[in-house]
Amino acid sequence: STRKESSAASDVYKRQERIQKNFVVRVFSLSFCAGIVYTRRCVKDADQKYKRKNLENKNTRGVNMRKSWKWALCLGVVSLLLLGGCGKEKTEPVDLVLVTDGSEVASDAVYQSAWNGLAQYGDESGLKYEASVPAGRTTEDYENTIKEAAQKGASVIVCAGTSMSRAVYDAQRDWKDVRFLLLEAEPVNESGRSRLRGNTESLEIDASEAGYLAGYAAVQAGYTHLGYIGQKNEENGTKYGTGYALGAEAAAADLGLGENSITLDYTYRKSSSVSPSYLEKIKSWYGESGQILFSDGASYQNVLGAAASAAGGALIANGGVEEYANAVLKVRLDYGTAVYNALKEMKQKDFEGGKIVTRGVTDQEISLEWNQDAVPSFTEDQYRALCAKFSAEDFSIPDGDALSSPDQYKLSCVSVQKVK
């Protein structure tokens with residue numbers, strides 16, 4: 001609340017400052033014009049005197065004109081200097097900048113969480129910080145916004161998502177004194193070649209671990225017919241799905257359930273956009289014995305939430321700022337803590353970039369929340385035991401796609417089925 005009030009007060013001050021500047025500009029513009037009019041009148045008077053006196057004093061006109069032009073020149077120079085000084089918008093230096101992909105910070109869960117971490121570090125360190133929203137959603141728009149942040153003196157610029165990859169690829173070369181933190185992506189050029197320079201760090205939160213938490217908790221809570229929807233062309237789409245399947249398998253084994261005791265239906269979509277009819281399709285899945293649904297957190301999660309509420313089914317929410325009535329479980333990805341910890345390292349003189357950093361459950365940057373009334377069989381003790389698994393030396397989640405190739409992952413309790 002204090003930050004919002006401070007921002008509002010700053011906006012009012014800036015508007016008043018612009019009004020004052022515009023007033024000064026107008027006053028001196030009028031002064032300049034008055035000087036020109038005065039000069040022209042003096043010249044005209046001099047010509048008339050010249051004609052009347054019939055060259056009695058040959059220097060009269062020259063003297064008057066020289067005096068007039070001196071006054072005009074003085075007025076012009078002063079006006080131009082004041083116009084130049086008033087016309088420029090003063091920019092205060094800033095140290096930490098979050099550059100979005102054109103989205104407002106409050107409308108996007110990743111940006112809101114990242115902003116919280118950046119603001120926390122800025123407040124604790126006494127550093128100035130701000131969020132910059134590009135005018136458009138093109139690479140050129142992103143590059144221009146990054147350039148503006150660098151010219152303001154930013155020492156660290158935080159970006160997120162694959163849409164920012166191209167812009168950061170060039171910016172890390174053009175602004176070597178600036179350090180870049182890119183969330184959930186790597187810098188790539190036009191041909192798709194990736195490169196992390198020494199002033200750049202790529203930070204990822206392990207989607208497979210988040211999926212594992214969701215799958216394990218769902219089965220422990222008593223659900224036996226699971227569903228998953230993700231994007232095939234997004235790496236996290238398959239990571240969430242793989243973790244989800246392996247987590248469900250582990251929970252079933254721990255509960256002593258038999259072979260094929262858990263059904264997992266999945267769909268891979270080509271994009272995050274869905275038609276209005278997709279709501280009916282999800283409702284139909286719930287009506288055909290589907291119990292609980294999980295997704296990669298794309299924009300269609302809103303449709304899934306509406307379908308779950310309408311059909312009386314359960315949902316595992318994946319991040320997001322929205323609250324869903326039927327979300328009995330919720331996976332939280334804490335980009336705020338991840339950004340905060342990353343900034344602490346990046347502000348050190350001996351910072352070494354050029355690497356990908358992966359955070360997860362053991363870093364307390366992935367967590368699980370649940371409605372105890374809706375899933376009374378999943379307890380706090382079970383959750384602590386689940387999180388402890390990730391610290392075990394022999395624990396790992398293999399890469400790949402367990403949903404498309406379940407046989408390669410030795411799934412026995414979980415029966416995976418692809419649905420259209």
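**Exercise 1. Burial and overall make-up**

Work out what share of the chain's residues count as buried, and how many helices and strands there are.

*Solution.* Start with burial: of the 420 residues of the chain, 43% count as buried. Keep in mind that we're working on a predicted model here. Next, tally the secondary structure, which comes to 11 helices and 13 strands. Finally, look at the contacts with a separation of 6 or more: 69% of them are between residues 24 or more positions apart.

**Exercise 2. How α4 meets α5**

Describe the packing of helix α4 and helix α5: what is the angle, what is the handedness, and which residues make the contact?

*Solution.* First, what do we need? Two packed helices are described by the angle between their axes and the distance between the axes.

Step one: locate the pair. Helix α4 covers residues 139–151 and helix α5 covers residues 165–174; their axes come within 8 Å and cross at roughly 40°.

Step two: put a word to the angle. Roughly parallel would need an angle under 35 degrees, and roughly perpendicular starts at 65, so α4 and α5 are oblique to each other.

Step three: the handedness. The crossing of α4 and α5 is right-handed.

Step four: list who touches whom. From α4 come T139, Y142, E143 and I146, and they meet R166, A167, V168, D170 and A171 of α5. Sort these contact residues by character and you get 5 nonpolar, 1 polar and 3 charged.

**Exercise 3. The surroundings of Q172**

Is Q172 buried or exposed, and what does its side chain reach?

*Solution.* Place the residue first: Q172 sits in helix α5. Its relative accessible area is 1%. The cut-off for buried is under 20%, so Q172 is buried.

Now follow the side chain. One of its polar atoms lies 3.4 Å from the backbone oxygen of Y169. The Q172 side chain also reaches the backbone nitrogen of R197, at 3.0 Å.

Then widen the view. Leave aside the neighbours within four places in sequence, and Q172 is in contact with F180, P187, R195, L196, R197, N199 and T200.

**Exercise 4. D381 in α11**

Decide whether D381 is buried or exposed, and find which side chain it makes a polar contact with.

*Solution.* D381 lies in helix α11, which spans residues 380–389. Its relative accessible area is 52%. Exposed means over 50%, so D381 counts as exposed. As for the partner, the D381 side chain makes a polar contact with the side chain of R384, at 2.4 Å.

Notes: Residues numbered from 1 in each chain as written. Predicted model: local features only at pLDDT ≥ 70, side-chain atom pairs only at ≥ 80, totals over all residues. Heavy atoms only, no water. Axes fitted to C-alpha atoms, helices over the stretch in contact; angles between N-to-C directions. Helix = DSSP H or I, 4+ residues; strand = E, 2+ residues; numbered from the N terminus. Parallel < 35°, antiparallel > 145°, perpendicular 65-115°, else oblique. Left-handed = near helix turned anticlockwise from the far one by under 90°. Contact = heavy atoms within 4.5 Å. Nonpolar A, V, L, I, M, F, W, Y, C, P; charged D, E, K, R; others polar. Buried < 20%, exposed > 50% of the residue type's maximum accessible area, 1.4 Å probe, protein only. Polar contact = N/O pair within 3.5 Å; in protein donor to acceptor, adjacent residues only side chain to side chain.
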